[in-house]
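Here are some short exercises to work through with the structure open beside you. Try each task before reading its solution.

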Amino acid sequence: MLAYRWGQTILSFLILIAGILTKKDEFNERLYQTVVENANDAIYIISTHFEFVNPAFERLFGYKKEEICREDFDFMRLVAPESRELIRERGSLRSEGKDVPSRYEFKALTKNGETRNVEVTTVNIGKENVRVIGILRDITERELTEKALAESEEKYRSLVEQSLDGIFSFDFDGKFLSVNKAITKALGYTKEELLSMKIHDIVHPEYISVLEERLRQIMDGGALANPQEYVVISKTGKRFIIEAKAAPLMKEGKMVGFHAIARDITERKRMEEALKESEGKYREVTENLINGIYIFQGGKFKFVNKKMETLTGYTKEELMEMDPFSLIHPDYREEIRRFTEKAIKGDTADIPKKIEFKYVRKNDEVRWAEGIPSVINYEGRVAILGNVNDITDVKVMQEKEKRFIEDTSHYFFNPITIAKGYLYLIYEESSPEIQEKLEKLENAIHRIENVVRNIVWKGEIHE
Amino acid sequence: MSKRILIIEDEADMQELIKIYIAKANLDVKIYSAYTGEEGVKAYKELMEKGEKPDIVIMDLKLPGMDGVEATKKIMKMDKNATIYGFTAFFDTNWADELRKAGAKDVIPRTVGFDGFADRLKKILSQ
């Protein structure tokens with residue numbers, strides 16, 4: 001379109017120049033000289049040979065005016081071999097008085113052998129001894145730019161068409177202006193069908209107000225960095241969850257609608273829901289475990305289950321805020337802190353498979369716990385997953401058992417040892433008759449000793 | 001030169017029998033007696049300060065107040081080179097293990113009798 005307009009302007013200009021040349025007054029002569037000498041386009045007058053070329057012509061072809069404007073200069077030297085036939089044909093037609101297009105393109109050849117694409121516009125002047133006035137424009141760069149633009153457009157079009165995301169545009173009324181294959185494939189409409197529809201026809205009614213609000217924000221110039229989720233309905237009534245982001249659609253500097261990119265996230269949402277459900281089940285199981293479960297990271301609890309509240313007497317909120325090490329009795333605190341902090345840094349050599357320790361409840365009661373710590377990856381970072389169980393009752397039982405054994409040992413074995421000690425002293429100083437009786441006494445003490453030993457060590461009553 | 005033995009034992013009869021059997025075994029020792037854990041730790045400290053540190057401590061486990069494990073810990077804290085032997089009826093119990101962990105060289109079971117104890121002492125003193 002622009003090239004056509006330019007051609008029309010040039011033609012008008014040439015007609016003006018031709019008029020000036022035929023009138024030959026002094027004012028027009030000066031005007032002609034100023035305009036032509038300073039023109040950016042190459043201007044020439046040719047009859048049987050070049051009669052005139054302007055400085056732009058010299059620059060375009062690399063020849064001096066004196067070299068060109070000679071009767072023996074073959075103008076075909078300025079035409080690239082592939083365009084010579086075209087130029088000859090035009091010359092013949094013109095000399096036969098036939099009409100030839102006033103504007104055409106050909107490949108020009110410069111003095112240094114370079115080929116340039118030029119567009120020429122010509123006007124015949126004079127009725128006898130016809131001369132041609134022409135104006136040439138080097139369109140090589142323009143053509144390269146147009147080609148690059150066309151290639152770029154093609155690439156873009158191809159990318160849009162092949163994209164797995166839906167890419168589309170629509171006007172202020174919501175009428176689709178363009179849709180790519182991904183959209184037609186997902187929704188089951190043909191491109192023609194969609195181009196006769198509005199975006200409101202595919203967005204679920206519950207999401208229309210969200211859509212309109214977002215579009216209003218875009219029109220108001222608000223930045224919409226985050227994509228918005230919508231439910232859309234396909235031709236067959238299937239629901240899709242999409243994530244879409246829109247931006248102003250500009251044409252010649254004016255906003256004419258919106259272009260948008262949308263991604264089908266139905267499967268992702270389904271997976272998220274499934275994961276959430278699975279996490280929910282897992283959490284429910286964890287919450288109801290008879291053991292206390294916690295996740296420790298960055299010096300704080302990241303998770304505690306209900307049992308941890310029962311064990312410690314603190315609420316979940318309090319536990320999540322407090323220093324977890326303050327729950328551990330001072331006798332065990334530093335040891336546990338040391339291997340925990342080492343494990344968090346990646347050195348798990350000292351982390352025990354199982355550890356018994358005392359802990360302090362909110363009411364200052366000291367109780368016994370058994371912990372099984374393990375190193376896990378939680379939210380991308382190293383953490384300690386702890387499984388704790390109150391073993392105070394077991395410890396009390398063990399303590400009672402220990403006390404029973406110790407007391408039994410003390411109250412039975414000590415007197416027996418003393419009895420035997422004195423018995424042996426008397427034995428050495430006694431007569432054979434007394435010694436015989438003492439031996440019976442020793443035997444009786446041995447029997448008692450054996451019974452007690454079997455009770456204490458085996459839990460059995462026999463000699 | 002006589003060796004010094006500190007016997008920490010709450011039963012007077014046990015103290016007496018140990019002394020009798022040591023005398024019977026002709027061991028050249030000077031015996032000090034303590035009847036509680038606290039008394040034993042105090043006696044060890046005083047002897048140390050006088051430059052008469054006991055060569056051997058015979059430690060009972062079950063003592064009124066501070067038990068044998070605690071008393072052993074305190075003496076070891078005072079003198080990491082202290083030589084302490086348990087002589088107890090609680091042989092083969094966790095408590096006896098705790099005594100070893102606290103620093104006792106070994107635990108002599110009372111089932112060996114006083115002759116057995118005196119023999120064992122003789123061997124220790126000759127080391």
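Two strands pair if DSSP finds at least two bridges between them; strands (E, at least two residues) and helices (H or I, at least four) are DSSP runs, numbered from the N terminus. This is a predicted model, in which local features need pLDDT of at least 70 and side-chain atom pairs count only at pLDDT 80 or more, while totals for chains, interfaces and linings use all residues. Residues are numbered from 1 along each chain as its sequence is written, and chains are lettered from A in the order in which they are written.

**Exercise 1. The sheet**

Work out the strand order of the open sheet in chain B and find its edge strands.

Solution. Start with the order, which is β2-β1-β3-β4-β5, five strands with parallel pairing. Next, look for strands that pair on one side only: these are β2 (29–34) and β5 (106–109) of chain B. Then zoom in on β4(B) and β5(B), whose parallel pairing runs over four bridges; B:T88 stands opposite B:P109 in β5(B). Finally, add the geometry. The twist averages 25° from one strand to the next, and α3(B) lies across β1, β3 and β4 of chain B at about 160° to β3(B). Axes here are lines fitted to C-alpha atoms, for helices over the stretch in contact, and angles run from 0 to 180 degrees between N-to-C directions.

**Exercise 2. The core**

Which residues of the largest nonpolar core touch the most other members?

Solution. First, the terms: such a core is a set of buried Ala, Val, Leu, Ile, Met, Phe, Trp, Tyr and Cys residues joined through C-beta atoms within 7 Å, and buried means that 20 or more other C-beta atoms lie within 10 Å of a residue's own. Of the 33 members, B:I8, B:V57, B:I58, B:M59 and B:L99 touch the most others. By element, α1(B) gives the most to this core, five residues. A second, separate core has 23 residues, among them A:F168 and A:Y230.

**Exercise 3. The interface**

Describe the side of chain B that touches chain A.

Solution. Count a contact when C-beta atoms, placed from the backbone, lie within 7 Å. Chain B then gives 14 residues and chain A twelve. On the chain B side, α1 (12–24), α4 (94–102) and α5 (113–126) each supply at least two residues, with the largest share, four, coming from α1(B).

Notes
Contact = placed C-beta atoms within 7 Å. Buried ≥ 20, exposed ≤ 12 C-beta atoms within 10 Å, placed from the backbone.
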